[in-house]
Amino acid sequence: MAEDALDAQIGYNLRRASTFALNDFAVELADAALRPVTYGMLALIDERPGISAAELGRLLGMKSANMAPLLAELEERGLVERDDHAQDKRVRVLTLTRAASEAMPGWRRQVRRHEDRFLNRLTEKERATLLRLLRLIWTEEG
């Protein structure tokens with residue numbers, strides 16, 4: 001196969017794998033009406049209660065203009081609460097609501113099921129290698 005053939009291009013294969021993963025994620029979490037981006041936001045808030053919206057956006061690589069409507073959506077759905085920072089009233093901190101905190105373990109199980117399903121052809125070692133290689137692409141730590 002020629003190296004410039006579409007099927008030999010990494011970007012094309014990443015997009016195909018991403019589409020496959022996104023479609024399966026949508027099916028797995030349809031009952032929760034969560035998308036990868038909203039699940040990612042909730043998972044990080046769960047892992048770091050009291051995180052600021054700015055820090056959440058930085059960790060997710062999102063612009064505040066893109067994140068603000070998503071935070072508003074999660075707040076309207078009763079999943080996220082925004083409160084004033086104890087020392088700096090200009091900063092709003094984020095926490096999960098009780099309902100979201102109670103649902104999060106189930107959502108995490110669903111995401112694990114989803115990942116097991118779409119990565120089922122890979123061994124544990126191959127999964128670890130894939131994760132390491134993907135992180136090398138998008139992080140500055142590589």
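## Q110 in helix α5

Q110 sits in helix α5, which covers residues 98-118. The model is predicted. Q110 has a relative accessible area of 9%. The cut-off for buried is under 20%, so Q110 counts as buried.

What does Q110 touch, not counting residues up to four places away in sequence? The list is E28, L29 and D31. Two of these contacts can be described atom by atom. A polar atom of the Q110 side chain lies 2.8 Å from the backbone oxygen of E28. The Q110 side chain also makes a polar contact with the side chain of D31, at 3.2 Å. One partner atom is thus in the backbone, that of E28; the other is in a side chain, that of D31.

## Helix α1 and its cover

Helix α1 runs over residues 10-28 and holds 19 residues. At 1.5 Å a residue it should span 27 Å. Its end C-alpha atoms are 27 Å apart, so the expected span and the model agree.

Which residues of α1 are buried? They are Y12, A21, D24, F25 and E28. The cover over these buried residues includes α2 (36-47) and α5. E28 also links back to the previous section: its backbone oxygen is the atom that lies 2.8 Å from the Q110 side chain.

## D24, a buried acid in α1

D24 belongs to helix α1. Is D24 buried or exposed? Its relative accessibility is 15%. That value falls under the 20% limit, so D24 counts as buried.

Leaving aside neighbours within four places in sequence, D24 is in contact with H114 and R117. With R117 there is a polar contact: the two side chains are joined at 2.8 Å. Helix α5 spans residues 98-118, and α5 is among the elements that cover the buried residues of α1.

## Where α2 meets α4

Helix α4 covers residues 64-76. How do the axes of α2 and α4 cross? They come within 11 Å and cross at roughly 75°. Angles of 65 to 115 degrees count as roughly perpendicular, and α2 and α4 are therefore roughly perpendicular to each other.

On the α2 side, the contact is made by V37, T38, M41 and L42. On the α4 side, M67, L70, L71, E73 and L74 take part. By class, the contact has seven nonpolar residues, one polar and one charged.

Key. Residues numbered from 1 in each chain as written. Predicted model: local features only at pLDDT ≥ 70, side-chain atom pairs only at ≥ 80, totals over all residues. Heavy atoms only, no water. Helix = DSSP H or I, 4+ residues; strand = E, 2+ residues; numbered from the N terminus. Buried < 20%, exposed > 50% of the residue type's maximum accessible area, 1.4 Å probe, protein only. Polar contact = N/O pair within 3.5 Å; in protein donor to acceptor, adjacent residues only side chain to side chain. Contact = heavy atoms within 4.5 Å. Expected span 1.5 Å × (residues − 1). Axes fitted to C-alpha atoms, helices over the stretch in contact; angles between N-to-C directions. Parallel < 35°, antiparallel > 145°, perpendicular 65-115°, else oblique. Nonpolar A, V, L, I, M, F, W, Y, C, P; charged D, E, K, R; others polar.
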